[in-house]
Amino acid sequence: MSTPVANVLPPDSTGIAGLDEILCGGLTPDRVYLVEGVPGSGKTTLALQFLLEGVRRGERVLYVTLSETESELQGIAQSHGWSLEGIDVRELAPSEASLSPDDQYTMFHPSEVELSETTKAILADVDRLKPSRVVFDSLSEMRLLAGNPLRYRRQLLALKQFFVGRKCTVVLLDDMTNNNHDLQVQSIVHGVVRLEQLNPEYGGERRRLIVLKYRGVAMRGGYHDYVIRKGGLIVYPRLVARQHQVETPAGWLPSGVPAIDALLGGGLERGSSTLLIGAAGTGKSTLAAQFAVEAASRGEHAAMFIFDESLVTLQRRTAGVGIGLTQHVSEGRITVQPVDPAELSPGEFAHAIMACVEQRKARIVVIDSLNGYMAAMPEERFLIAQLHELLAYLGHAGVATILIAAHQGLIGSNMQSPVDASYLADSVILMRYFEARGEVRQAVSVMKKRGGPHERTIREFRFTSDGLQVGEPLREFRGVLTGVPTAESAGPRSAG
């Protein structure tokens, strides 16, 4: 990649904060750019945001349309709550005669140009209005007017040459409807942004963009999720953890239950990740809520992202075991955000967590559960990579992360997790059912903890109306983790 030129003008903001972040500030002024994507991917919305940002900055802007009518543009603007006041719209619907092969005689040359009627109108508007931002919608009609690839390329080169030195940033839109789509436009322009729309088998559409080319700028590569909401495109730049490293104090985050803290060697370490894993109903979410409530009681903020139950159900369940989650939620010390897996994009989810950390200063983040998180991913093979980046970011920020994963099955030695995240987590807490004397009981143990000692015993526990009760180590049994232990002496002492 070439080195940026010194003493250049500051970039032109696109009006989309996330896209500006990806482009290292925006678009280099006085250049020609290509935004391409299938119909419905948001090209026109992006272009209008780009022009409206120019209007906000007091610039003269021009929208040249050969595909959308001005009435259609007004409808798009109204759907987002915008006004097109300040945007000069030039509607150029190609006539039937202009598409006739007999009329397609135009040949361009930098010094001597013979222009078609349509192209003359475009350039005349630019000379008259002297805009600093121009959107040309779209290249599909330009291809039709050109008639053949050679003339089409010459027209594009002529347009680029025309705009050189006119202090004008130009965005060309291409709907990619041409079956013979090639790279010739990409080779001419200064930068290329591609918008993609994915349609999973279940749930809403997913959208992502990629910057294929940006001369002289070390933009953030890869795919970035975006959504189209009322108000325009919202872009979620791909999370890169190393760009968010900060100095954070060390320390512990206790649960408020002495036996649990003893198992963990003092509690959760700041900047660490803990995996709570076990069968459904073993108390994983309740234990995570206990950590969140204890943090809120100390005046720290906690954030819980729940995939598998509603806020009402979570509040009712925690209240039944003496955990005062509801009060902390109502007073703003705990943020609980239910997540619909069918409507979530990974980028949007990561940025929701970042907002809690950077704006609300959350010190504990709970993701409940990885099963729901995996269901929200459009391509499951990237789950571990994205999860690793998210955990690295939270670790750099000094946030203690609690991940919850449910085993498939309830009891026995053949239970499996749908995703193996145990090697990513700094600590692993295993919660199991076991059978003893005709009763189904529950056991908790810490299977792993990096960076410090922890208790290696297996303890019985139960949830009561007074909270979590943890008993003495289950030394009278062996094989508790199999679910069907063997008694070595008299029965176990009860929890509590």
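## From the parallel strands to the salt bridges

Start at tyrosine 63: its bridge partner in E4 is valine 135. The model is predicted, so local features require pLDDT of at least 70 and side-chain atom pairs pLDDT 80 or more, while totals for chains, interfaces and linings use all residues. Numbering runs from 1 along each chain as its sequence is written, and side-chain values use heavy atoms, without hydrogens or water.

**Stop 1: strand E2**

Select residues 61–65, which form E2. Element names follow DSSP runs, numbered from the N terminus: helices (H or I) have at least four residues, strands (E) at least two. E2 and E4 run parallel and are joined by 5 bridges. On E3 (residues 87–91), E2 again has a parallel partner, with 5 bridges. Two strands count as paired if DSSP finds at least two bridges between them.

Now check the register with E3. Threonine 65 faces glutamate 91. Tyrosine 63 stands opposite valine 89. To get from E2 to E3, the chain passes through helix H3 (residues 70–79), in a right-handed β-α-β crossover. Right-handed here means that, with the strands pointing away from the viewer, the path from the first strand over the helix to the second runs clockwise.

Is E2 covered on one face or both? Both: Val61, Tyr63 and Thr65 are buried on one side, Leu62 and Val64 on the other. That makes 5 of its 5 residues buried. Buried means under 20% relative accessible area, exposed over 50%, and partly exposed in between (1.4 Å probe, protein chains only).

In general, side chains in a regular strand alternate between the two faces of the sheet.

**Stop 2: helix H5**

Select residues 139–146. This is H5, and 7 of its 8 residues are buried. They are Leu139, Ser140, Glu141, Met142, Arg143, Leu145 and Ala146. Color what they pack against: strands E1 (32–37), E4 (133–137) and E5 (169–174), plus helices H4 (117–129), H6 (149–163) and H7 (184–188). Contact means heavy atoms within 4.5 Å. Step on to glycine 147, which follows H5 and has a positive phi, near 90 degrees.

**Stop 3: the sheet of 9 strands**

Show E14-E13-E15-E16-E12-E17-E18-E19-E20. In that order they make an open sheet of 9 strands with mixed pairing. Which strands stand at the edges? They are E14 (334–338) and E20 (467–473); each has a single partner strand, so one side of each lacks a neighbour in the sheet. From one strand to the next, the twist averages 20 degrees.

Zoom in on E13 and E15 (residues 362–368). They run parallel, joined by 6 bridges. Isoleucine 306 stands opposite aspartate 368 in E15. Then add helix H12 (residues 346–358). H12 lies across E13, E14 and E15, at about 155 degrees to E15. Axes are lines fitted to C-alpha atoms, for helices over the stretch in contact, and angles run from 0 to 180 degrees between N-to-C directions.

**Stop 4: the nonpolar cores**

Next, select Ile260, Phe291, Met304, Ile334, Ile364 and Ile402. They have the most contacts inside the largest nonpolar core, which has 38 residues. H9 supplies the largest share of this core, 8 residues. A nonpolar core is a set of buried Ala, Val, Leu, Ile, Met, Phe, Trp, Tyr and Cys residues joined through side-chain atoms within 4.5 Å.

Center on isoleucine 260. Leaving aside residues up to four places away in sequence, isoleucine 260 touches Ser255, Leu287, Phe291, Leu468 and Val470. Another core, of 37 residues, lies apart; Leu344, Ile367, Val399 and Leu403 are among its members.

**Stop 5: salt bridges**

How many salt bridges are there? The count is 21, taking a side-chain nitrogen of Lys or Arg within 4 Å of a carboxyl oxygen of Asp or Glu.

Select arginine 220 and glutamate 21, a salt bridge at 3.0 Å, N to O. Arginine 220 sits in the loop between E7 (206–214) and E8 (223–229), glutamate 21 in H1 (residues 17–22), so the pair ties together parts 199 residues apart in sequence. Arginine 220 is buried at 13% relative accessibility. Glutamate 21 is partly exposed at 38%.

Move to arginine 57 and glutamate 53. Their closest N and O atoms are 2.8 Å apart. Arginine 57 is partly exposed at 45%, whereas glutamate 53 is buried at 9%.

Finish with glutamate 300 and arginine 270, whose closest N and O atoms are 2.9 Å apart. Glutamate 300 lies in the loop between H9 (284–297) and E13 (301–306), arginine 270 in the loop between E11 (268–269) and E12 (273–278), so this salt bridge ties together parts 30 residues apart in sequence. Glutamate 300 is buried at 15%; arginine 270 is partly exposed at 23%. Last selection: Glu439, Arg441, Glu460 and Arg462, joined into one network by salt bridges that share partners.
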